[in-house]
Amino acid sequence: MQETEVVETNPENAVAESLTAADRCDSCGAQAYVRATLQFGELLFCLHHATLNKKALEPVTVKWHDESDKLLAR
């Protein structure tokens, strides 16, 4: 099984990978807080759909970029 890189928001990658309010969940259209980089592309998710889909996507996920801490900062 391939190991998934989990990325938390940090200063080194914040500019290059930061999600904005314009990034929308591919499942429901809400603001995306998670970017799943897969072997064959990428998906954006709100926290709800990220939580629902994470386990199923693990085998094909290369990188899991999670900015859900922004929800608690409000």
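Modeller: A residue counts as buried under 20% relative accessible area, exposed over 50% and partly exposed in between (1.4 Å probe, protein chains only). This is a predicted model, in which local features need pLDDT of at least 70 and side-chain atom pairs count only at pLDDT 80 or more, whereas totals for chains, interfaces and linings use all residues. Residues are numbered from 1 along each chain as its sequence is written, and side-chain values use heavy atoms, with hydrogens and water left out.

Biologist: How many salt bridges does the structure hold?

Modeller: A salt bridge here is a side-chain nitrogen of Lys or Arg within 4 Å of a carboxyl oxygen of Asp or Glu. Among the pairs are Lys63 with Glu17 and Glu42 with Arg35. The total for the structure is three.

Biologist: How many residues apart are Lys63 and Glu17?

Modeller: The closest N and O atoms of Lys63 and Glu17 lie 2.5 Å apart, and Glu17 counts as buried because its relative accessibility is 16%. Lys63 sits in strand 4 while Glu17 belongs to helix 1 (residues 14-17), where strands are DSSP runs of E with at least two residues and helices runs of H or I with at least four, numbered from the N terminus. The pair thus links distant parts of the chain, and its separation is 46 residues.

Biologist: In the bridge between Glu42 and Arg35, what relative accessibility does Arg35 have?

Modeller: The closest N and O atoms of this pair are 3.5 Å apart. Glu42 is partly exposed because its relative accessibility is 45%. Arg35, by contrast, counts as buried, at a relative accessibility of 13%.

Biologist: Which residue meets Glu67 in a salt bridge?

Modeller: Glu67 lies in the loop between strand 4 (61-66) and helix 3 (69-72), yet this loop residue counts as buried because its relative accessibility is 1%. The side chain of Glu67 also makes a polar contact with that of His65 at 2.6 Å. The salt-bridge partner is partly exposed, with a relative accessible area of 30%, and the N to O distance is 2.5 Å, the partner being Lys70.

Biologist: Which element gives the largest share of the largest nonpolar core?

Modeller: Such a core joins buried Ala, Val, Leu, Ile, Met, Phe, Trp, Tyr and Cys residues through side-chain atoms within 4.5 Å. The largest has nine residues, including Cys25, Phe45 and Trp64. Two or more of them come from each of strand 2 (34-38) and helix 2 (47-57). The largest share, three residues, comes from strand 2.

Note on methods: Polar contact = N/O pair within 3.5 Å; in protein donor to acceptor, adjacent residues only side chain to side chain.
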